[in-house]
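Here are a few notes from going through this one, mostly on ring contacts and pockets. Have the viewer open as you read.

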Amino acid sequence: MIHIAETVAVGSVEEFLDAEDRDRLAAMMKDFLNEEARLRFGSQRATSIHEIPGHSNQQAMAVYEPAGRIEVPRIPDKAEDLLQHAFDRARPALSRVMPSITACRPWTYVEYGPSQHITGHLDGIAPDPLAWPRQIAGISVVIHEAETGGAFYVESTSSDRLWNARLDHDAQGHGYADGMWLAHDGADHSADWYTAMPRTRWSVSPAPGTALLYGSQLTHGTEPVTRGRVAKFISWLIAEKDQG
């Protein structure tokens, strides 16, 4: 049973990756991202993990990552295995704050250089929130910090404009707790209603190897990097339909 609190929550898993894990992942990505690959997944990239209905890939990228970034949606298998093992280790801690989570989607590697960032947005539960599986939260873990800038943030709001519908009829029959609210689609900087909505920003400074959790109906983004580069892995924690 998915509760709205899970989808607007923030959390952390300290020591999600230890120093050895981070060094191994950094070495794997250094080997993978040769000069040609850095161009292919960076300035020459024509696709994005973010989509905006009615917009092209290039238009979506201009909204979400206006100064670009390196984005690798399929990372090396050994890196994927290491991160999935880290998720498995963290499941007891995750289940206390987001008990509906059953799995972690494949991980994506992203890297930001000077002036690069991701604009504030919601990931959303699903294009059809009554379908399965459902995104409960995002997860990110940094393996290399920028010298300055690049901080991760979430934004809260009390505005009614964020919310589209309340499931008053048979919420539990659809796998949600009673009174579940669903956010509007298109909660990103392509929508005037979203950019005009008042929000309060909360920035974080996690210890190395800490995984950050952010609900799928919570605005999140990053500040522009001012010096150096940020390298991190991101994924999405999902609830799958109970087959029992």
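1. Arg 201 lies over the face of Tyr 153, 3.6 Å from the ring centre. Keep in mind that this is a predicted model. There's another contact of this kind at Trp 132, where the charged end of Arg 134 sits over the ring at 3.7 Å from its centre.

2. On ring-ring contacts, the count comes to five aromatic pairs. One of them is Phe 16 with Trp 107: the centres are 6.0 Å apart and the planes are at 40°, so the pair is tilted. Phe 16 sits in the loop between strand E1 (10-13) and helix H2 (19-32), and Trp 107 in the loop between strand E3 (103-104) and strand E4 (108-112), so the pair ties together parts 91 residues apart in sequence. Both Phe 16 and Trp 107 are buried.

3. Phe 32 and Phe 41 are also tilted, because their planes are at 35°, with ring centres 5.8 Å apart. Phe 41 is buried at 14% relative accessible area, while Phe 32 is partly exposed at 30%.

4. Now the pockets. The largest holds about 790 Å³ of space. It has 28 lining residues, with Leu 122, Asp 123, Gly 124, Ala 126 and Pro 127 closest to its centre. Strands E5 (134-144), E8 (163-167) and E9 (180-183) each supply at least two residues of that lining, which divides into 14 nonpolar, eight polar and six charged residues.

5. The second largest pocket has about 230 Å³. Trp 132 turns up again here, listed with His 174, Gly 175, Lys 241 and Asp 242 as nearest the centre among 15 lining residues. That lining splits into five nonpolar, six polar and four charged.

Key: Residues numbered from 1 in each chain as written. Predicted model: local features only at pLDDT ≥ 70, side-chain atom pairs only at ≥ 80, totals over all residues. Heavy atoms only, no water. Phe/Tyr/Trp six-rings, centres within 6.5 Å; stacked < 30°, edge-to-face > 60°. Helix = DSSP H or I, 4+ residues; strand = E, 2+ residues; numbered from the N terminus. Buried < 20%, exposed > 50% of the residue type's maximum accessible area, 1.4 Å probe, protein only. Lys NZ or Arg CZ within 6 Å of the ring centre and 35° of its normal. 1 Å grid on protein atoms, 1.4 Å probe; cavity = no way out; pocket = protein on both sides within 12 Å on 5 of 7 lines; lining within 4 Å. Points joined across faces, edges and corners; volume = space filled by probe spheres on them. Nonpolar A, V, L, I, M, F, W, Y, C, P; charged D, E, K, R; others polar.
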